[in-house]
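Reader: I'd like to learn how to read helices and burial from a set of coordinates. Could we work through an example together?

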Amino acid sequence: MPCANCQRVLGRVKWNCVEFTDENAPEQMRNKTGVYAIVIRKRGLQIDTIRERLKPLLEHCNTISPEGGRFLQRRLCPLDRIRQHPKCVILYIGRSGTSPDRTLHHRFKELSGGHPIWPALWALLYHGWKLEFCWHECPDPSTMECTLMRRFCREHNASPMKPALNTNWPPKCRRNDLPTE
Ligand SMILES: [Zn+2]
């Protein structure tokens, strides 16, 4: 039987639920802000088994990049806490932001590993690359992004050339007469 406490938590609010693997799920929460819960609908392999199966991956990471291995290990720690709540169905409760770029739609996509370059980054990190995350604070990020993309393009002397992992031009760039591929 699922945990009655979790059921009571969920029962006090009206929820719209979508499967994590549903490709169309994000559309349903576009432009919406609010709270969310990640809920177990069906338990799969035991956490102990999952841990066993992850061992070779972690060992592989540690061999090639100890920092990468430690990073992944830290990110996997929450798995172990699931063991302490064997009947709970609520895995996580969170909220969106209130600005248009921090909606539930965005949160869902982030949680699904939804950023398109996420797998590529991990493939690099797993294979000994070191990558930095660098940022710049500015009031109008989309204009700045476009400026940087144009700069990248111009500096490479190639008509519409994008950084390797950029698949699309930011919409703002497209509107402003950037050459199309
Ligand atoms: Zn519970």
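Reader: How many of the 17 residues of α4 are buried?

Author: First, a caution: this is a predicted model. For burial, you count C-beta atoms within 10 Å of a residue's own, and 20 or more means buried. In α4 the count of buried residues is one, so by that cut-off the helix is hardly covered.

Reader: Okay, and what are the span and the bend of α4?

Author: Helix α4 takes in residues 66-82 and reaches 26 Å from its first C-alpha to its last. The expected figure at 1.5 Å a residue is 24 Å, and the helix comes close to that. There is a bend of about 30° at Arg 75, with a proline, Pro 78, following within four residues.

Reader: How do I describe the way α3 and α4 cross?

Author: Two packed helices are described by the angle between their axes and the distance between those axes. Here the axes of α3 (residues 47-64) and α4 come within 8 Å, crossing at roughly 170°. An angle over 145 degrees counts as roughly antiparallel, so α3 is roughly antiparallel to α4.

Reader: Which residues make that contact?

Author: From α3, they include Ile 47, Ile 50, Leu 54, Leu 58 and Cys 61. On the α4 side, Leu 72, Leu 76, Leu 79 and Ile 82 are among them. By class, the contact has eleven nonpolar, four polar and two charged residues.

Reader: Let's try single residues. Is Arg 70 buried, exposed or partly exposed, and why?

Author: Arg 70 is found in helix α4. It counts as partly exposed because it has 13 C-beta neighbours inside 10 Å. You can also compare sequence and space: Arg 70 and His 85 are 15 residues apart in sequence and 25 Å apart in space, C-alpha to C-alpha.

Reader: And Cys 146, buried or exposed?

Author: Cys 146 belongs to helix α7 (residues 141-155). With 20 other C-beta atoms within 10 Å, Cys 146 is buried. Its C-alpha atom is separated by 43 Å from that of Arg 51, and the two residues are 95 residues apart along the chain. Arg 51 is one of the α3 residues in the contact with α4.

Reader: What about backbone torsions: what is phi of Asn 31?

Author: It is near 65°, a positive value in a residue other than glycine. Asn 31 lies in the loop between α2 (25-28) and β1 (35-39). Asn 31 is exposed, with 8 other C-beta atoms within 10 Å.

Definitions and conventions
Residues are numbered from 1 along each chain as its sequence is written. This is a predicted model: local features need pLDDT of at least 70, side-chain atom pairs count only at pLDDT 80 or more; totals for chains, interfaces and linings use all residues. Helices (H or I, at least four residues) and strands (E, at least two) are DSSP runs, numbered from the N terminus. The expected span of a helix is 1.5 Å times one less than its number of residues. The bend at a residue is the angle between axes fitted to the seven residues ending there and the seven starting there. A residue is buried if 20 or more other C-beta atoms lie within 10 Å of its own, exposed if 12 or fewer, and partly exposed in between; C-beta atoms are placed from the backbone. Axes are lines fitted to C-alpha atoms, for helices over the stretch in contact, and angles run from 0 to 180 degrees between N-to-C directions. Angles under 35 degrees count as roughly parallel, over 145 as roughly antiparallel, 65 to 115 as roughly perpendicular and the rest as oblique. Two residues are in contact if their C-beta atoms, placed from the backbone, lie within 7 Å. Ala, Val, Leu, Ile, Met, Phe, Trp, Tyr, Cys and Pro count as nonpolar, Asp, Glu, Lys and Arg as charged, and the others, Gly among them, as polar.
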